[in-house]
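Biologist: Could you bring up the model, so that we can go through the ligand site and the helix packing together?
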Amino acid sequence: MAGRLEGKVALVTGGGRGIGREEVLLLAREGAKVVINDLGTSTEGQGSDGGVAQAMADEIRAAGGDAVANGDSVAEMAGGRRMVECAMDHFGRLDILINNAGITKLSPIYEMSEEDWDIVHAVNTKGVFTTVRHAAPIMMQQRSGVIINTCSASGLGHLHMSNYASSKEAVVGFTRSIARDLGPYGIRCNAIRPMAQTRMSNADIAETMRISQRQFGIPAVGNEWLDGKSTGFKPEQVAAVVVWLATDKTKSVNGRTFMIARQEVGLYTEPEATRVAFHPDGWDLDALDSPAAQAFLAGVLKNVFQPAE
Ligand SMILES: NC(=O)c1ccc[n+]([C@@H]2O[C@H](COP(=O)([O-])OP(=O)(O)OC[C@H]3O[C@@H](n4cnc5c(N)ncnc54)[C@H](O)[C@@H]3O)[C@@H](O)[C@H]2O)c1
């Protein structure tokens, strides 16, 4: 069955390569008209190439679909505005916004430069605000819309990724919050933490994730790939779940975070306090030094981290 998105208009940021490319291909196959945004930059955000978005749009049109290219950066407010305007100018509406563009720059926190912090946050975090801020009034007027934000399992705390982890976790909170802002207008917003073999999942990132999971106990996503044994983490698998989240089959889902890795799709829990201790007078330092507070901490006083060499 194709045509699930017939008549719909979608904007995909970073839609020229990797996961975004597969999202564009599947959206078009399901009948959506697509604005393909891509700055055509490196995985660390260096340089630009307008040909990346254009080539993707040409490919969709050659296959009989309807697509238009935009080469702006999501990190710029005017860029976010122009790509949304592009949808309105060419197709007259905007139904689906997939915030997929992202970059990464590995560095331990004690070596991280201000530039490495700023550029990752500008693209991954502000780059979601710039599009949503311009798309939201249009979707509100339409009384319908779907937004899907791309986060990462690395946000759970992978080694040497404090800029990337914080930029992506910010988007998890952003997603929950705008789900409440926009839900009353018939717009829903969800987030994904994907895993896919793309140019971004290079050997350095794989090693960092392997250490994070094996040594420090960060919850695993796709263990086999991290061992270098599997080649099964396909961007198409991510695209399928993202496009599904854009269809009416998931119309009751709002403000949630999903995981996609190879054959698995997962739904994350929403954070809640796992244990709560009550003190009739409130907790002061003396009360916190008492056995009652030690009992509260039982089992969590474990430092799994190895001393640095
Ligand atoms: N590949 C994975 O396993 C994985 C895991 C977790 C999260 N992610 C996230 O998924 C998304 C897609 O990653 P990918 O693996 O396909 O990477 P990729 O590098 O293959 O593709 C990303 C695309 O985004 C574009 N882009 C980068 N900065 C941009 C900007 N400022 N404005 C517009 N376009 C820009 C790039 O030119 C590129 O074409 C990213 O947000 C990434 O952080 C990927």
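Modeller: Bear in mind that this is a predicted model. A good place to begin is Thr-41, where a backbone N or O atom lies 3.0 Å from an oxygen atom of the ligand.

Biologist: And which atom of the ligand does the backbone of Leu-39 lie 3.2 Å from?

Modeller: For Leu-39 the partner is a nitrogen atom of the ligand, with a backbone N or O atom of the residue at 3.2 Å.

Biologist: What about Lys-168, is its contact with the ligand through backbone or side chain?

Modeller: Lys-168 uses its side chain, a polar atom of which lies 2.8 Å from an oxygen atom of the ligand.

Biologist: How many residues surround the ligand?

Modeller: There are 29 of them, and the closest are Asp-38, Asn-100, Tyr-164, Lys-168 and Thr-198.

Biologist: Switching to helices, how do α4 and α5 cross?

Modeller: The axes of α4 (residues 114-142) and α5 (residues 162-182) come within 8 Å and cross at roughly 15 degrees, which makes the two helices roughly parallel, because angles under 35 degrees count as such. Tyr-164 and Lys-168, both in α5, are among the residues that take part in the contact with α4, and by class this contact has 13 nonpolar, 7 polar and 2 charged residues.

Biologist: Then what is the angle for α1 and α2?

Modeller: Helices α1 (residues 18-29) and α2 (residues 51-62) pack at about 25 degrees with their axes 11 Å apart, and they are therefore roughly parallel to each other. Their crossing is right-handed, and the contact has 5 nonpolar, no polar and 2 charged residues.

How values were computed:
Residues numbered from 1 in each chain as written. Predicted model: local features only at pLDDT ≥ 70, side-chain atom pairs only at ≥ 80, totals over all residues. Heavy atoms only, no water. Axes fitted to C-alpha atoms, helices over the stretch in contact; angles between N-to-C directions. Helix = DSSP H or I, 4+ residues; strand = E, 2+ residues; numbered from the N terminus. Parallel < 35°, antiparallel > 145°, perpendicular 65-115°, else oblique. Left-handed = near helix turned anticlockwise from the far one by under 90°. Nonpolar A, V, L, I, M, F, W, Y, C, P; charged D, E, K, R; others polar. Near = heavy atom within 4 Å. Polar contact = N/O pair within 3.5 Å; in protein donor to acceptor, adjacent residues only side chain to side chain. Contact = heavy atoms within 4.5 Å.
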